[in-house]
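Me: I'm new to this structure and would like a close look at one part of it, the third helix and what surrounds it. Could you walk me through it in plain words?

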Amino acid sequence: MTSQRNGPSGISLSYMLAGHWPYWLPEKAEKHPDELLRARLNYYDSNKSLVEHDLFSLADGLEGRSTNPVSLLLDSLQHPCADLGMDLPSMVEYRYHPEKEVSVSARR
């Protein structure tokens with residue numbers, strides 16, 4: 001696979017393609033300020049990676065500077081309420097799965 005993207009989204013995609021998949025941490029997600037997101041996360045299996053769930057359903061109703069619902073979801077979990085100046089801990093951890101690595105080369 002060849003990636004032509006750069007910046008934060010390209011870095012995140014490359015990291016995930018290298019076998020590092022995002023999981024939300026239920027004990028931290030219980031304290032997320034967005035009550036509806038908390039409820040949706042409680043419905044899903046935290047033992048499965050975020051990429052194995054219906055991301056558009058999880059992102060439903062989230063607002064922010066992006067028009068991409070998946071970006072809004074990851075931002076909301078990695079940097080909760082950062083746009084409001086709040087310094088809350090990340091609610092995501094990345095777990096390495098060598099069997100899920102995808103060979104990537106970057107082009108400029």
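Reply: Sure, let's begin with the whole chain and then zoom in. The secondary structure comes to five helices and four strands, and read along the sequence they follow the pattern β-α-β-α-α-α-α-β-β. Keep in mind that this is a predicted model. The chain has 108 residues, of which 33% count as buried. If you take the contacts in the chain with a separation of 6 or more, 60% of them are between residues 24 or more positions apart.

Now for helix 3, which covers residues 35–43. Start just ahead of it, with His-32, which sits in the loop between helix 2 (26–29) and helix 3. His-32 has 2% relative accessibility, so it counts as buried, the cut-off being under 20%. Its side chain reaches the backbone nitrogen of Asp-34 at 2.9 Å. Leaving aside neighbours within four places in sequence, His-32 is in contact with Leu-37 and Arg-38, and also with Ser-76, Leu-77, Pro-80 and Met-91.

Asp-34 has a job of its own to look at: it caps the N-terminal end of helix 3, with a side-chain oxygen 3.0 Å from the backbone nitrogen of Leu-36.

On to the helix itself. The buried residues of helix 3 are Leu-37, Arg-40 and Leu-41. Look down the axis of helix 3 and these buried residues fall within an arc of 100°, so they line one face of the helix. What covers them includes strand 2 (20–24), helix 2, helix 4 and helix 5. Turn to the face pointing away from that buried side and you'll find the exposed residues Glu-35, Leu-36, Asn-42 and Tyr-43.

Let's follow the buried side inward. The largest nonpolar core has 17 residues, and Leu-41 is among those with the most contacts inside it, along with Leu-50, Leu-73 and Leu-77. The elements that give two or more residues to this core are helix 3, helix 4 (55–58) and helix 5 (69–78). Helix 5 supplies the largest share of the core, five residues. As a general point, nonpolar side chains in soluble globular proteins tend to be buried together.

Leu-73 is a handy place to see how these pieces meet. Not counting residues up to four places away in sequence, Leu-73 touches Leu-37, as well as Leu-55, Leu-58, Ala-59 and Leu-62. Leu-37, you'll recall, is one of the buried residues of helix 3, and it's on the contact list of His-32 too.

What about the aromatic rings? A search of the whole structure finds two aromatic pairs. In one, the ring centres of Tyr-15 and Tyr-94 are 5.3 Å apart and the planes are at 75°, so the pair is edge-to-face. That pair links distant parts of the chain, with Tyr-15 in helix 1 (residues 7–17) and Tyr-94 in strand 3 (residues 92–96), 79 residues apart. The other brings us back to our helix: Tyr-43 and Tyr-44 form an edge-to-face pair, 5.5 Å centre to centre with 90° between the planes. Tyr-43 has 68% relative accessibility, so it counts as exposed.

To picture helix 3, then, put Asp-34 at its N-terminal end as a cap, Leu-37, Arg-40 and Leu-41 on its buried side, and Tyr-43 among the exposed residues on the face turned away.

Note on methods
Residues numbered from 1 in each chain as written. Predicted model: local features only at pLDDT ≥ 70, side-chain atom pairs only at ≥ 80, totals over all residues. Heavy atoms only, no water. Buried < 20%, exposed > 50% of the residue type's maximum accessible area, 1.4 Å probe, protein only. Polar contact = N/O pair within 3.5 Å; in protein donor to acceptor, adjacent residues only side chain to side chain. Contact = heavy atoms within 4.5 Å. Phe/Tyr/Trp six-rings, centres within 6.5 Å; stacked < 30°, edge-to-face > 60°. Core = buried A, V, L, I, M, F, W, Y, C linked by side-chain atoms within 4.5 Å. Arc of directions from axis to C-beta.
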